[in-house]
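User: Please take a close look at the empty space inside this model. Describe what lines it and where the lining residues come from.

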Amino acid sequence: MTSSETAPGRGTAVVIGGGLAGVVAAWALRGFAERIVVVERDRYPDEPVFRAGVPQGRHAHLVLEAGHRALEELMPGINQELTAAGAHRVSTSGDLKWLSSAGWMIDYPARMSFLSCTRPVLDKLVLDRVRTEPSIEFLEGADVVGLLGSAQAVTGVKVRERGSERGSERGSERGSERGSERGEVREVPAELVIDASGRSTSVPKWLTELGCRPVPEERVDAGVAYASRLFHRPPGVDLGHQAIYLQTKAPDKPRMGVLLPVEGDRWIVSLAGMRGAEPEPGEEGFTKHLSQLRDPGLQEMLRGAEPAGEVRGFLPGPGVRRHYQRSAPAGLVAVGDAASTFNPVYGQGVTVSLFCAQVLRRTAMRHGGLGPATARDARRGIAAVSKNAWMMSCAEDVRFAATTGGPTGALIKLQHRYLDKVLHGATRNPEVTAAFHEVLSLVEPPTRLFHPSVVAAVLRG
């Protein structure tokens, strides 16, 4: 089956949100819907530049090993295109100098790496690929303002243009929503609605308006805040590594910093602090936070580097995991941050969004279309592929006393004690370091750390 072939009766899928999670979800459904409509509040820029609809976009992003494997499966050749556009492949050993809570991790023959570039480059290349699919169309400059349907089934969305002088669709003459007056609320019926509207999603509220029970959710809030800045890499600099990550150390060192290489011979530097240790605003606050990190290495790397932009702050808000697999009407699936929002310091969000797209494609393929079975199994699959990332981020967040929510009790304390031993082992034993990186890269589940060979090495340590 080619990407544009469809079967009769497969209907329409609407994706709320045209960020990365939304466009890869739309791409995943090609061939299983006659029409896929992506509703995006912004208007996409012609060049890879930061845009208001992605407030986290100005901060350090990476695609973990499991993420760029998933991206390549969904869009063969995309990783080569990213590299050609300036993305850097950074090995977790050798290229990355990592100060964990237990000390510097040792170098070893790395099997894991991640892709590093600015978010606009990643978004633009993925969007360009998605635009090649004739069954996918975009409603740019438009808001979804509500859902159609009932407590039993979501059957579409209500859309309103935000106001513009030019048309908002690409390449399709279909649909009664074209040509309506600005500001008019229109209905777009659909067999499947995908919520990819991010951490600020309104879908849970709209579901209660339809008479649905509240979506069960978990919340964990470490109060993290970010400050980021781009720098020109000094000419001729050779530090022996491409990137540096200075991790927090609970409970009394809640500040972190990361420097990553990005396109244009630049570095992106993101600083963060948990509640009570947030970076102060502006250039002065950025410089002060740099000086308060656990190690001066990052500050030394920046000596002589010229800024390539202003300091930008970001308050991501709490981590939230919504359990749509437990309670949701037919015809609705949430992906990306709309399903699970993580503390960004762990770099999991992009990769989990790609996992969600893989789940959508596999379930649509298994059931042959967009029916209720596809939505039901997709909700279950998305809950499963986001579970490990959620557990790991929450377990780390609760190490800080100011964190609200999250797991408590004897079991989590036992997990903390064992992970501390693993981290100590990773400062001296290559096998332990490799296993830890596999888990953090979301290639292996946390149970990898309990493999007999790893346990033996940890105990010897």
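Analyst: **Lining of the enclosed space**

The largest cavity has 18 lining residues, and V49, R51, P120, D123 and K124 are the ones nearest its centre. Two elements, α1 (20–28) and α4 (119–130), each give two or more residues to this lining. Of the elements, α4 contributes the most to the largest cavity, namely five residues. Sorted by class, the lining of the largest cavity holds ten nonpolar, three polar and five charged residues. The space in the largest cavity comes to about 190 Å³.

The model is predicted, so local features need pLDDT of at least 70 and side-chain atom pairs pLDDT 80 or more, while totals for chains, interfaces and linings use all residues. Residues are numbered from 1 along each chain as its sequence is written, and side-chain values use heavy atoms, without hydrogens or water.

A cavity is a set of points on a 1 Å grid over the protein atoms alone where a 1.4 Å probe fits but cannot get out; lining residues have an atom within 4 Å of a point. Volume is the space filled by probe spheres set on the points, which are joined across faces, edges and corners. Helices (H or I, at least four residues) and strands (E, at least two) are DSSP runs numbered from the N terminus. Ala, Val, Leu, Ile, Met, Phe, Trp, Tyr, Cys and Pro count as nonpolar, Asp, Glu, Lys and Arg as charged, and the others, Gly among them, as polar.

Searching the whole structure gives three cavities of 30 Å³ or more. The second largest cavity has a volume of about 90 Å³. Its lining consists of R321, R322, H323, Y324, Q325, A334, A339, S340, R379, I382, A383 and S386. At least two of the lining residues come from β20 (319–322), and at least two from α9 (372–397). With four residues, α9 has the largest share of the lining of the second largest cavity. By class, the lining of the second largest cavity comprises five nonpolar, four polar and three charged residues.

Open space can be described in the same terms. A pocket is an open set of points with protein on both sides within 12 Å along at least five of seven lines. The second largest pocket has a volume of about 240 Å³. Among the 17 residues that line this pocket, S101, T248, K249, A250 and E396 lie nearest its centre. Helix α10 (residues 410–426) provides the largest share of the lining of the second largest pocket, three residues. That pocket's lining is made up of nine nonpolar, four polar and four charged residues.
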